[in-house]
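The following paragraphs lead the reader through one protein structure, from its overall outline to a few chosen residues. Please keep the sequence and the three-dimensional view at hand while reading.

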Amino acid sequence: VQGRFGTEFENSDMLSIEYTHSYEFLDEPFAIAPAVAIPVGGYTFQDVLASLDLGRQRRISGTVSVQHGSFFSGDKTTVGFGLGGGPGSGRLELSRQFSVEPGLSFNWIDLPEGRFATTLVTSRTTYTFTPLMFVSALLQYNSGNETIGANIRLRWEYQPGSELFVAYNEERDTLVPRFPDLQNRTFVIKINRLFRF
């Protein structure tokens, strides 16, 4: 069950309040954090999300949000901005070609099985060479699993409907002393070509 109320201001900012009611059944214990496991059973979730979406006409735009409600056998509160903060993304336009999209999310979880907090920090940087080619880089830190991840992607539409993608991904464990330990790495090249008959 979901209900939503929203209003848009003359300056294109939007304020919304959303209520969600849902149910989930766990057929096996769920390890949600170190030394914190949710037992088997049925759980009802109810929460309210309030968000303010700052219009894209601003040089700095994004979504600021606060969410609170039941979470398994306890409750959870989340405060966020940008990529981790709700339906929109934070955006700082430094020039027509260069932009930065920050994201920040704090979660406080209080359960009978244990209390913990997590933080998610993200930053995407995009440089647009032409309307048909851009490169973007995403850097993300997640305190929940103590990892830092990076993604670099190039997209080039070399002719209408035909594209080249080049992507590099890397994830590292931040619990290792000194330089974070590499957990996985991928390099992908994808080409698609549109044929018209």
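Two strands are said to pair if DSSP finds at least two bridges between them. This definition will be needed when residues that stand opposite each other, such as Ile152 and Tyr168 in β13, are discussed. The model shown here is predicted.

Consider the chain as a whole. The protein chain contains zero helices and 14 strands, and its pattern along the sequence is β-β-β-β-β-β-β-β-β-β-β-β-β-β. The C-alpha trace spans about 55 × 50 × 45 Å along its principal axes. The chain has 197 residues, of which 30% count as buried. About 12,500 Å² of the protein chain is exposed, and carbon and sulfur atoms supply 60% of that area. Among contacts between residues at least 6 apart in sequence, 37% join residues at least 24 apart.

The pairing of strands may be followed from β11 to β13. Strand β11 covers residues 133-142 and strand β12 covers residues 147-159; the two run antiparallel and are joined by 10 bridges. Across this pairing, Phe134 stands opposite Arg155 in β12. The two strands form a hairpin with four residues between them, and in the turn Glu146 has a positive phi of about 55°.

Strand β12 also pairs with β13, again in the antiparallel sense, over 11 bridges. Here Ile152 is the residue that stands opposite Tyr168 in β13. This second hairpin has two residues between its strands, and Gly161 in the turn shows a positive phi of about 85°. When examining such strands, the reader may recall that in a regular strand the side chains alternate between the two faces of the sheet.

Attention now turns to charge. The protein chain carries 17 positive and 21 negative side chains, and the centres of the two sets lie 12 Å apart. The structure holds six salt bridges. Which residue forms a salt bridge with Arg155? The partner is Glu157, with the closest N and O atoms 3.5 Å apart. Arg155 and Glu157 are both buried.

Glu170 takes part in two of the salt bridges described here: its side chain meets that of Arg172 at 2.7 Å, N to O, and that of Arg185 at 3.1 Å, N to O. The pair of Glu170 and Arg185 links distant parts of the chain, since Glu170 belongs to strand β13 (residues 162-173) and Arg185 to strand β14 (residues 181-192), 15 residues apart. Is Glu170 buried or exposed? Glu170 counts as buried because its relative accessible area is 17%, and the limit for a buried residue is under 20%. Arg185, by contrast, counts as partly exposed because its relative accessibility is 46%, which falls between 20% and 50%. Shared partners also join Arg155, Glu157 and Glu163 into one network of salt bridges.

A final example is Thr118, which is found in strand β10 (residues 114-130). Its relative accessible area is 17%, and therefore Thr118 is buried. Which residues is Thr118 in contact with, leaving aside its neighbours within four places in sequence? They are Ser105, Phe106, Asn107, Ser143 and Gly144.

Methods. Residues numbered from 1 in each chain as written. Predicted model: local features only at pLDDT ≥ 70, side-chain atom pairs only at ≥ 80, totals over all residues. Heavy atoms only, no water. Buried < 20%, exposed > 50% of the residue type's maximum accessible area, 1.4 Å probe, protein only. Contact = heavy atoms within 4.5 Å. Areas by Shrake-Rupley, 256 points an atom, 1.4 Å probe, with all protein chains shown as cover. Lys, Arg positive; Asp, Glu negative; His and termini not counted. Charge placed at Lys NZ, Arg CZ, Asp CG, Glu CD. Salt bridge = Lys/Arg side-chain N within 4 Å of Asp/Glu carboxyl O.
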